[in-house]
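Got your viewer open? Let's take a short walk through this one, selection by selection.

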Amino acid sequence: MTTLRALWEVSLALCVLAMLALLVLLLARVLSARLFDRTSAVRQRLLPLLLDGDPAELEPLRKGELQAAADLTVEIAEMTRGSEREALLARATALGVTDLLIGRLRSRKAQSRLNAVEALSMFEGSHDYVINALGDRNPDVRLGAALALAQHANAPAPIDIVNKLNESAEENSLLLVSLMVDLAETNSDAVAGLLFEEDLSHRVKVAAMDALSQRGGEYAPLLAYMARGSGNEPELQPRIFRALGRTGHPAGAEAIMEGMASDNWIVRAAAAEAVGKTRLVAAADRLSTLLNDPHYWVRYRASEALLRIGTRGVSVLREATRSEDPVVRSAALKMLAEGRA
Amino acid sequence: MTLDFAILDPAEWMVASAEAIALVVIVAGLLQIVFYFVLLLYAGAALGTRPPVPRSATLWRRYSDQAPAISVLAPAFNEELTIVESTRSLLALQYPDFEVIVINDGSKDGTLDRLVSEFGLEQVDRFVDRSVEHAPIRGFYASPRLPRLLLVDKENGGKADALNAGINCSRTALFCAIDADSILESDALLRVVRPFIDEPDLTIAAGGTIRIANGCKVDSGRISDIKLPRNFLALVQIVEYLRAFLMARVGLGRMQALTVISGAFGLFRRRQVVEVGGYSHGTVGEDMELVLKLHRLMREAKRDYRIDFIAEPVCWTECPDTLSVLGRQRARWQRGALECFVKHKDMLFNPRYGRIGIVGFGHILLVDVLGPLLEVLGYILVPLLWALGLLALPWLLAFLAVTFMFGVSLSIATLVLEEIQLRRFPKARELAVLAIIAVLENFGYRQLSNLWRLQGWWQFIRKQQSWGTMTRKGFSTS
C-alpha cells in the first residue's frame, strides 16, 4: 500500500514540478518579448552606422548594443560583396564587433561558435582564430572553419586541413566536396596531391576527385589513371566515373568502357552515364547491349547516353526499336519519345 | 488448514482477483510511463546536442552545392479543391535540385483536369522503372515550361500504390513522400536532407515533424501566420503531435530505434526502398511497415545504417476537428500498427534485430498492442472494484496516477522541452493555452481516444481494410 500511495504522491510532485517549470518559462518568454522590442530598436539605430560613414569616426559600442551590431553585421555581410562588404566590415570592426565574435568562440553553444567562426573568416586579421577553430570539439564547427578558410587565398594546405578535420573522428560529410572545390580554386595541384596520400580515406580522395572534375578536362588524365586503378573497388568506381563524365574529356574512355562490363549494376549505370556526358561515340554499340540489362538504371542510363551522344546514338536507338526483345524495344521507344519531348 | 480456508474464502478470493487485475493495469501503465520518461530524456539529449541549426540563407549557402537531387512524391485522390495550390507550393520549395511528381490515384473528381489546365500540361511518354508493384499508369503529363513537374495519372490503388508508382517514375537517389494536401515549409527539404549529407553512406531514411495547421493562416501555399485553432479537438491534437514527434520520435531517433516515419513527410533512399519492394499493399499502416521493412533488410544483411528524425523540418497538415472523422482516423492508425506488429512479430525481442527488436517493438507492444486494452479495462474495472469495496483507496490512487497525473506531467514536460529547444509558438499565451489543454485532455478525450483504438482492434480482428473518409475543410487563407 505504501508503494501505491508513493506512486500517487510522486505523480503529483512531478505534475507540480512540470507546471512550475513551464510557468518559469512563460515568465521568461514575456520578459524576452520585451527584450526583443528593445533589440529591434537598437538594430534600427545601428543600421545607418553600419551602412554609411567613416570607420575612424566610430567608437566601440557597449555590450548590449554590440551583440545586436554583430548579428546585424553577419546578416548584411551575407547579402553584400566586394567593396561594399569591406566597408561594412571596417565599420563593424571599429564598433568592436570582431572582439565580440572572438569572445563567442568560447561559447558553450556550438551554434554560437560556428556562427562566430563563419563571421570572423570575413574579417581581415582574424585568420588565426579561424585556424584555431579547426581544432574545435564540435565536428560542425571544425567543418565550418575549414569551409570558411578554404574560401581565402591564404588557406592552409589541403592536407593540413584534412588532417585537422579527421583528428578526432573521420569526417564523412558530402560538404568535403565543397571544401575541396574551394581549395582547388586556389591550389588545385595540392588537392590533386591528396589522391596520392596513402593514409587518407577514400572519402577524402573521392571528394578531391569530384572537385578536380569540376575544373574541366585539366585533371581528366589523372582521373582516368585513378579509374584504371579502381577496378577492384566497385564502391569507388561509380563516383570516379561520374567525375570523369563531369570533365567531358575522353581521357577515361578505356576505363569507362571496362566499367560498362562490370558485374556490379551501379558501376555499369555510372559508366553508361559517363559515356553520355563525355559523348563517347565509339561506345554506342556497347551501350546498345546494355539496353536489355536486367537493371532499370543501367537501361535508363544507356538509352539516355545514346540520346546524348548524337546522331550515331539516335540511330542505334532507332535500330533498337525494331528489336524482338520487348525490353530493348521499350527502352528505345520511350527514350526516343522523351528526346522528342 | 486455515490457509486453505482463506484461499477458498470467496470474499478474499474476490479481493485478491481485484488486486491482481489492478496490478496488471497499473504495472502496464507504469511501464509505459517509465518508457515515455526515458524517451523524454533521450529527446532532451538529442535536441540539446543536435548539430547547429543555421538560418535558411546559411543553409542554402552551405548545402546547395552538395544537396542530392530529390523527387517529391505527392499522391492525390479527389483533391480538386486544393491540388493546384499544393502543387504551386511544392514547386516553390527552396531546394537546388528537385522534381515534383504528383500522382493522380484514379481520382473521380476533376483533380487531373485542374492540374492539366492550370499548369498547361501535355501528355508525354516517360521511360520508367517497374521495380515495385502498382496499378497501371494511364499517362504522364508534363510541360517544358515547368521541367520540375511531372503528373502521373494512374488507376486507383490507394496511397501506398500511388507512392510506388511515384518511386518507379522518380529518377533521383532520394525521394520525399508527402501528402498532397499538406504544406511543406519552404526550407524543409534543405533541413531534412542533412543526415544524407552528413552521413551519405549510412542514412537510408529521415523523418521530419508534422504540425497542425488548423487555425493558421495560409497565403499562396505557405503558412503566413501561426495561430492556435479554436476547436478543442484540434487543440488536443496539437498537444498529441508534440508528444508524438518531439518526445517519442526524437527520442526513438536518438536511440536509432525509430519504427515509423510519417506518411505525410519522410525522405528515403530510393535504392533500399526498392530493395524491400516499396510500400506494401493491403495495409493501412504502410508508412510504419516501410520503416520496419527497411530495418529488417539492413539488419538481416548486417549492413550499417541510420534512420533519423529531424525536429526542425516541418510539414503542416490539417487535422480532423469532428469526433466522427477523428475516431475513424484513430481506429485506422491503431489497425495499421497492429497489422505491422503481427506481420513482423518475429522481430519482437529478437536479438538478431538489435534495438529495433527490443526497444522499437517493445514500444509497439506496450503502447499500441496492449496499451488500449489494458487502459480501457482499467477505466471500467478499477473504479468499479473500488466502489464495490474490493480495492482499497491506494489502488485507485495508483491507477489515477498512471492514467492521469503522469500523463499530465509528461505532456507539460514536452511543452517545456519545446519551449527550451525550439520555441515554435510565437506567443506565450499559446503555450499557456496548450498547458491547459494538456491537463484537460486527460479527462474525457483520453478515454474516448482509447475507445477509438479499441474500435481499431475490433476492425483488425475482423480484417477490415477500408481507410474511411477524411473530410477536409481546407486551410484558412489570408
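For this tour, two residues are in contact when they have heavy atoms within 4.5 Å. Keep in mind that you're looking at a predicted model.

**Stop 1: a helix in chain B.** Select residues 56–63 of chain B, which is helix H3. Show side chains for B:Thr58, B:Leu59, B:Arg62 and B:Tyr63; these are buried. Now look down the axis of H3(B): its buried residues sit within an arc of 105°, so they line one face of the helix. What do the buried residues of H3(B) pack against? From chain A, bring up helices H2 (63–79), H5 (110–120), H7 (139–150) and H9 (175–193); from chain B, add H7 (188–192) and H8 (194–198).

**Stop 2: the interface.** Colour by chain. Here 61 residues of chain B are in contact with 48 residues of chain A. About 4800 Å² is buried between the two chains, 65% of it from carbon and sulfur atoms. On the chain B side, pick B:Gln66, B:Phe127 and B:Arg171, which lose the most area to chain A. The chains also share 8 salt bridges. For one to zoom in on, try A:Lys334 with B:Asp125, whose closest N and O atoms are 3.2 Å apart. Then select H14(B), which gives the most to the side of chain B touching chain A: 18 residues.

**Stop 3: the core.** The largest nonpolar core has 274 residues, and A:Met180, A:Phe241, A:Leu287 and B:Phe268 have the most contacts inside it. Helix H14 (residues 393–421) of chain B turns up again, with the largest share of this core at 16 residues. Finish by centring on A:Phe241: its contacts include A:Ala227, A:Ile256 and A:Val267.

Terms used. Residues are numbered from 1 along each chain as its sequence is written. Chains are lettered from A and ligands numbered from 1 in the order in which they are written. This is a predicted model: local features need pLDDT of at least 70, side-chain atom pairs count only at pLDDT 80 or more; totals for chains, interfaces and linings use all residues. Side-chain values use heavy atoms; hydrogens and water are left out. Buried means under 20% relative accessible area, exposed over 50%, partly exposed in between (1.4 Å probe, protein chains only). Helices (H or I, at least four residues) and strands (E, at least two) are DSSP runs, numbered from the N terminus. The arc is that of the directions from the helix axis to the C-beta atoms. A nonpolar core is a set of buried Ala, Val, Leu, Ile, Met, Phe, Trp, Tyr and Cys residues joined through side-chain atoms within 4.5 Å. Buried area is the accessible area (1.4 Å probe) that two parts lose on being put together, summed over both. A salt bridge is a side-chain nitrogen of Lys or Arg within 4 Å of a carboxyl oxygen of Asp or Glu. Lists of a residue's contacts leave out its neighbours within four places in sequence.
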